[in-house]
Amino acid sequence: MAETDKDDLVTIIDEEEGIPDIPGILPLMPVRDVVIFTDMLLPLFVGRKKSIRAVEESVGKDGLLFLATQKDPNTEDPQPDEIFEVGTVGRILRLLKLPDGRAKTLVQGICKARITRYVRKSGFYRVKLETIDETPMEEVDIEIEALMRNVREYSEKILALRGELSTDVNTILESIENPGKLADLVASNLKLKIEESQEILEIVDPVERLKKVNELLSREMNLSAIQAKIQSEVKDEISKNQRDYFLREQMRAIHRELGEADDKTREIEEYQDKIRKARMPKEAREEALKQLRRLEQMHSDSAEATIVRTYLDWMVEVPWSKSTRDMLDIEYARKVLDREHYGLEKIKDRILEFLSVRKLNPKTKGPILCFVGPPGVGKTSLGQAIAKAMKRKFVRLSLGGIHDEAEIRGHRRTYIGALPGRIIQGLKQSKVNNPVFMMDEIDKLGSDFRGDPSSALLEALDPEQNGAFSDHYLNQPFDLSKVMFILTANLTDTIPSALLDRMEVIHLSGYTEEEKAAIADRHLVPRQVKENGLSGKRIRFSQGVIDLMINEYTQEAGVRNLEREIGSICRKVARKIAEGKAKSCQVTCRNLARFLGPPKYMPEMDKEESQVGLATGLAWTHVGGEVLYVETTLMPGKGELILTGQLGEVMQESARAALSYAKTHQKRLKIQRNLFERYDIHIHVPAGAIPKDGPSAGIAMATALISALTGRAVDQDVAMTGEITLRGRVLPIGGLKEKALGALRGNVYTVVIPEKNRKELSEIPANVKRKLKFITVGHMDEVLGAALKPVPRRKTAAKRKTSGGKAKPGPKTAPPPA
């Protein structure tokens, strides 16, 4: 560093002098990267020509100049709009001219001021100022004193974390009693952004300024603590890694001297043995050996080595060639299926057909079955029974709510925490490559920005493609053709058509009362008795109790709620026995209400006599068939059609079609003339809180409407299902078996169905057909003939007297019903 002469060091103002009077116009020196506060003592290097001229101008007069921060520190020649208006009037205490033309100054802030006008812009800036006086304070109260103490403590802690705390600093902080000066001192020593420091400088109220500083101190305290923690952890980790490295090298040297293999060598040998025993395909074995060679060259504790180990663990644990031997005894399989499940003959026949084909052709591919039916009919347990009958392992996967494609295909190994998909995970869990793999709730798959899981299932569930299923994690083809996939769903509407096309759909309808009673006797009651710690001697169900529970305490297609009610009775009996109040208990029809309370399900409407305008329809839902009531009434109006009961667009169109049919055939149906112009028609489907839609309620709406228009009552023992056209034709419907069971549960024994559904009657169980009477119809006239009762005869007076004493005949046409 070059030396300077003593003449170059100029003292402008003695430090002991007081604050001079501030002129109205002062030279301006823009500063960058720093905001100067009052009483702040700061050395500045001055290099720009304008700034050097401003300093020389100040030194030539009273040593005062205005210091304002420029908004962009990279601007070499800031314009007036690029300089903050509020700054600090400073005085130059020392000036040192450097050989390169620059100057080093020592400045001290005196007071805050604001630029009101630029007086001179050529050469250097001269500005007219307006000093800013702080808000005076009467006294320092307890709240301000607490705030000042908090600021001091924060400052000391931050300086301690930085290693800059000393006794002198504590003394300076404790000696300041003015809130504004304390705020300025702390703010000038914080590492703040220019905008934050300028915001503090512009706050006039000293208390508000101190509060702002306290807020920034709190943030800086957290940042400093986290920074110190990170530095400490990094230092400790580096020290630990170095220590571990030296110890391992010493261990290896010792093992080499003793002629023993170290841990890494043993690990490599174990993986080689596992790869050999896994009997992988050629491509998979080559990839596993390639990754093993990479692992051998890596450091044992590196992150990459952990990823390779996890991949090799999956490769050697996936059952590439392990499989179970199928039990192909058809008679044995029949006995197992009959023991585990009551009824369901169609599904049992399909399983026995597969076993028969497998017995004749061992290389046949596994079927892709999809069981569709309402909840509680035994879809999942049927899959378990199939696995028992074939003596295969059973794996279950719930697909409900899955949105990510990687859940099926797996994640790429480049992601942290990557894993194979659920299919490969299930095969690893079963330890064989030919389990019965059940995927529940296929109709509840979702899709979002992460992909479409149903598309990923297309390859796995296609018998022509799943022989080389590719998982993203393994990145090797895996043979899924030996897996027997069974899927379950409540309905097929939400399953993508491409996926549905690859599956063999088997529909499971609900159970009849006799089937439910048989299932309860064979399976539900023994299971609940055992699970609740009882025995046949301690609890007995009288004859008829199960039937009463089915009719009055459950209303479902399956038997899930029935099992819950049986379990509830068993728990109450177990409590009585545990408390010593009874040694055994018999459940009868009389005391059933004491266990389960009053009946939960009663007839929805009074069915003692047939009513006008009330028709019984049949609906299909995802929980089975149900009885649907349609009400129609007339009221004086202008011929409007009112539809209520949360009807969907299809049912609303059915109601309008029924009205059009009635208007078209008004004369033939013997409907009063001008009735449509004088009365409003209101069609309502009860249970208004439940949305309803579907193309099978047309004839029920038309029957209820024509009943109200003609005054003929609808037979309460007749239920109907079918869609109507404008010409009166009755169109076929779906779900006939479920609707027939729903009618039976609703105690309706005559069902009107479309003629084109006659062929489906063969699929209905014989015991159901014995209880129900099916009437097939092709036109609306046939429906009305089967459902409407004749008009009751009225007793009419031969003559009615008038005011003139003459008799007049009664009206020829009855008035519309209310």
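**Exercise 1. Find out which way H21 passes H23, and how the two helices are angled.**

Step 1. Start with the crossing: H21 passes H23 in a right-handed crossing. A crossing is called right-handed if the near helix is turned clockwise from the far one, and left-handed if it is turned anticlockwise by less than a right angle.

Step 2. Locate helix H21 at residues 649-664. Helices here are DSSP runs of H or I with at least four residues, strands are E runs with at least two, and both are numbered from the N terminus.

Step 3. Now the geometry: H21 and H23 pack at an angle of about 45°, and their axes are 9 Å apart. So H21 is oblique to H23. The axes are lines fitted to C-alpha atoms, for helices over the stretch in contact, with angles from 0 to 180 degrees between N-to-C directions. Under 35 degrees counts as roughly parallel, over 145 as roughly antiparallel, 65 to 115 as roughly perpendicular, and the rest as oblique.

A quick word on what you're looking at: this is a predicted model, where local features need pLDDT of at least 70 and side-chain atom pairs count only at pLDDT 80 or more, while totals for chains, interfaces and linings use all residues. Residues are numbered from 1 along each chain as its sequence is written, and side-chain values use heavy atoms, leaving out hydrogens and water.

**Exercise 2. Do the same for H23 and H26: what is their angle?**

Step 1. Helix H23 covers residues 698-710 and helix H26 covers 780-787.

Step 2. Their packing angle is about 60°, with the axes 10 Å apart. That's why H23 counts as oblique to H26.

Step 3. For the handedness, H23 passes H26 in a right-handed crossing.

**Exercise 3. Work out where the salt bridge partners Glu267 and Arg309 sit, and whether they are buried or exposed.**

Step 1. Recall the general idea: side chains of opposite charge can pair when their charged atoms come close. The test used here is a side-chain nitrogen of Lys or Arg within 4 Å of a carboxyl oxygen of Asp or Glu. Across the whole structure, the search turns up 38 salt bridges.

Step 2. In this one, Glu267 and Arg309 meet at 2.5 Å, N to O. Glu267 belongs to helix H7 (residues 263-278) and Arg309 to helix H9 (residues 303-317), so the pair ties together parts that are 42 residues apart in sequence.

Step 3. Both Glu267 and Arg309 are buried. Buried means under 20% relative accessible area, exposed means over 50%, and partly exposed is in between (1.4 Å probe, protein chains only).

**Exercise 4. Which parts of the chain does the pair Arg392 and Asp326 link?**

Step 1. The closest N and O atoms of this salt bridge are 2.8 Å apart.

Step 2. Arg392 is in the loop between helix H12 (379-390) and strand S9 (394-398), while Asp326 is in the loop between H9 and helix H10 (330-340). The two are 66 residues apart, so they link distant parts of the chain.

Step 3. Look at the cover: Arg392 is buried at 7% relative accessible area, and Asp326 is buried at 16%.

**Exercise 5. Which residues join Arg334 and Asp349 in one salt-bridge network?**

Step 1. The side chains of Arg334 and Asp349 meet at 3.1 Å, N to O. Arg334 lies in helix H10 and Asp349 in helix H11 (residues 345-360), 15 residues apart.

Step 2. Arg334 is partly exposed at 22% relative accessibility, and Asp349 is partly exposed at 34%.

Step 3. Through shared partners, Arg334, Asp338, Glu345, Lys348 and Asp349 form one network of salt bridges.

**Exercise 6. How many residues of H5 and of H24 are buried?**

Step 1. In helix H5 (residues 194-201), six of the eight residues are buried, so the helix is largely enclosed by the rest of the structure. Among them are Ile194, Glu196 and Leu201.

Step 2. In helix H24 (residues 736-745), nine of the ten residues are buried, so H24 is also largely enclosed by the rest of the structure. The buried residues include Lys739, Gly742 and Arg745.

Step 3. Just past the end of H24, Asn747 takes a positive phi of about 60°.
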